[in-house]
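Student: I am new to this structure and would like a close look at a single part of it. Could you take me through one sheet and what lies around it, step by step?

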Amino acid sequence: MECISISYKTAEAARRAPFSFHQEAAEAFLEELAGQEAVGECVLLSTCNRTEIYVQGEKRCFGVLEELLAKRAGCRTEQVRTLARRYQGKQAIRHLFYVTCGMDSMVIGEDEILGQVRNAYLRASQKGTTGYELNVVFQAALACAKKIKTRTQLSKTSVSFATLAANEVFHLPVSPKTVLLIGSSGQMGSIILKNLLSREDIRVLATTRTHRGQYQDNSGQVQNVDYQKRYAYLNAADVIISATASPHYTITAKMAQEAMRTPKKRLFLDVSMPADIDAEIAQLADCRLISIDGFGRLAQRNNALKRQAVQDAEEILRQEAENLYKTLSFHQVADRLEGWKKRYEGEPFEKLLFKLRDGLDSESFDAVLRVLAAQEENKEGRSVQRERLCREAEDE
């Protein structure tokens with residue numbers, strides 16, 4: 001298994017944007033990947049903070065993946081090589097586990113990534129681009145993330161982009177607050193909307209492109225407005241949040257300046273990749289813009305509070321990954337078990353043990369001996385326990 005990754009750790013938002021995929025583009029790219037001779041199985045993960053391709057196929061597929069990403073972004077392969085990190089074998093598996101568990105996220109322990117990885121895997125599975133190895137690896141990573149979520153404090157203290165965005169709104173000194181939320185029916189937008197509605201002093205103007213996407217509200221806090229008329233509501237807004245999958249700006253600086261007739265301070269929050277809001281908005285009077293990279297700075301304090309939870313999660317992750325390595329290793333030799341059984345049938349145990357001694361390094365051979373000793377101790381312990389129970393039954 002191999003993975004190529006372009007993330008917030010290797011490139012700022014503007015340089016990551018050409019490599020991002022919306023759903024239809026992701027499906028088309030999967031088909032192109034699967035058509036490559038060197039690729040046997042593949043999964044594409046594309047979020048605000050990362051684009052990653054996981055493949056199983058011929059060794060060293062990185063060159064093929066770099067060329068395809070360069071074609072997608074309209075750049076030279078050399079540029080991809082300067083932005084991407086590459087993982088192979090156990091490193092690729094371990095990286096996927098870290099990503100899925102939220103431990104490689106800009107906001108450590110954030111909840112959205114688990115669903116994003118699940119959706120990426122299901123999309124690939126439905127397209128028929130996964131097989132035994134990626135199925136087992138992704139299912140194990142998802143199971144590990146759920147275990148960490150229930151057994152540690154990592155997700156219990158998590159803060160997502162949606163939460164950070166809502167907190168920025170809450171901290172504004174204006175009351176009541178009017179928020180123009182663009183993309184309210186999407187995954188990120190709906191979470192932000194839910195957070196905003198936890199406060200009674202917030203009125204939300206939620207844009208929608210269709211009647212089906214309208215938010216059903218009985219509290220009177222939400223007004224559904226036509227996306228095409230979004231600039232008409234900009235003047236009344238104290239906060240403008242954009243959370244869409246649009247490849248184009250939802251708000252441009254020129255049109256925003258013309259629409260904002262009433263002078264007042266306004267906060268623009270862009271939680272999209274590629275960017276939804278024109279960066280020149282920040283140059284307009286009384287306008288402040290926080291984009292994806294800016295949320296990383298907001299998350300630093302939250303991440304520092306999670307150090308112990310991270311240590312607890314890493315121990316679970318290490319054990320779960322180790323179990324997966326064994327499963328994959330066993331699968332590689334499963335078709336040879338019957339032949340081995342016939343070949344070594346009737347051979348003395350001591351002879352087999354000496355063959356292991358001669359064929360393994362000292363650390364591996366020591367591990368075999370420890371397992372055998374532990375099994376013997378468990379057997380003796382069970383025998384002693386049975387004898388004790390029998391004596392107790394006789395005494396009664």
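Tutor: Here is a walk through one sheet, the helices on it, and then some spots elsewhere in the chain.

A word on the source first: this is a predicted model, in which local features need pLDDT of at least 70 and side-chain atom pairs count only at pLDDT 80 or more, while totals for chains, interfaces and linings use all residues. Residues are numbered from 1 along each chain as its sequence is written, and side-chain values use heavy atoms, with hydrogens and water left out.

Let us begin with the sheet. It is an open sheet of four strands in the order β2-β3-β1-β4, with antiparallel pairing. Strands (E, at least two residues) and helices (H or I, at least four) are DSSP runs, numbered from the N terminus, and two strands pair if DSSP finds at least two bridges between them. At the edges are β2 and β4 (85-88), each of which pairs on one side only. From one strand to the next, the twist averages 15°; angles here run from 0 to 180 degrees between N-to-C directions, and axes are lines fitted to C-alpha atoms, for helices over the stretch in contact.

Now look at β2 and β3, which run antiparallel and are joined by seven bridges. You can find one match by eye: Glu-41 has Gln-56 in β3 as its bridge partner. Helix α5 packs on this sheet and touches β1 (2-7), β2, β3 and β4, its direction making about 140° with that of β3. Touching, or contact, means heavy atoms within 4.5 Å. Helix α7 (residues 132-151) also packs on the sheet, where it touches β2 and β3, and its direction makes about 35° with that of β2.

Between β2 (39-46) and β3 (50-57) there is a loop, and Thr-47 lies in it. Thr-47 counts as buried because its relative accessibility is 11%; buried means under 20% relative accessible area, exposed over 50%, and partly exposed in between, with a 1.4 Å probe and protein chains only. Apart from neighbours within four places in sequence, Thr-47 is in contact with Ile-113, Gln-116 and Met-273.

Ile-113 leads us to the next helix. Helix α5 (residues 90-100) packs against helix α6 (residues 112-126) at an angle of about 130°, and their axes are 8 Å apart. The two helices are therefore oblique to each other: angles under 35 degrees count as roughly parallel, over 145 as roughly antiparallel, 65 to 115 as roughly perpendicular, and the rest as oblique. From α5, Leu-96, Val-99 and Thr-100 meet Ile-113, Leu-114 and Val-117 of α6. The residues of this contact divide into five nonpolar, one polar and no charged. In this scheme Ala, Val, Leu, Ile, Met, Phe, Trp, Tyr, Cys and Pro are nonpolar, Asp, Glu, Lys and Arg are charged, and the others, Gly among them, are polar.

Back in the numbering range of β2 you will come across Cys-42. What keeps its sulfur from forming a disulfide with that of Cys-61? The sulfur of Cys-61 is 10 Å from that of Cys-42, its closest cysteine sulfur, which is too far for a bond. The count of disulfides is zero, a disulfide being a pair of cysteine sulfur atoms within 2.5 Å. Cys-42 counts as buried because its relative accessibility is 0%, and Cys-61 is buried because its value is 1%.

Met-273, the other contact of Thr-47 to follow up, is joined to Pro-274 by a cis peptide bond with omega near 0°. Pro-274 is in the loop between β9 and β10 (287-290). Most residues other than glycine have a negative phi, and most peptide bonds are trans. Asp-286, in that loop between β9 and β10, has a positive phi of about 65° although it is not a glycine. Asp-286 counts as partly exposed because its relative accessibility is 42%.

Finally, turn to β9 itself. Five of the five residues in strand β9 (residues 266-270) are buried. Arg-266, Phe-268 and Asp-270 are on one side, and Leu-267 and Leu-269 on the other. Strand β8 (residues 239-242) runs parallel to β9, and four bridges join them; here Val-239 stands opposite Leu-267.
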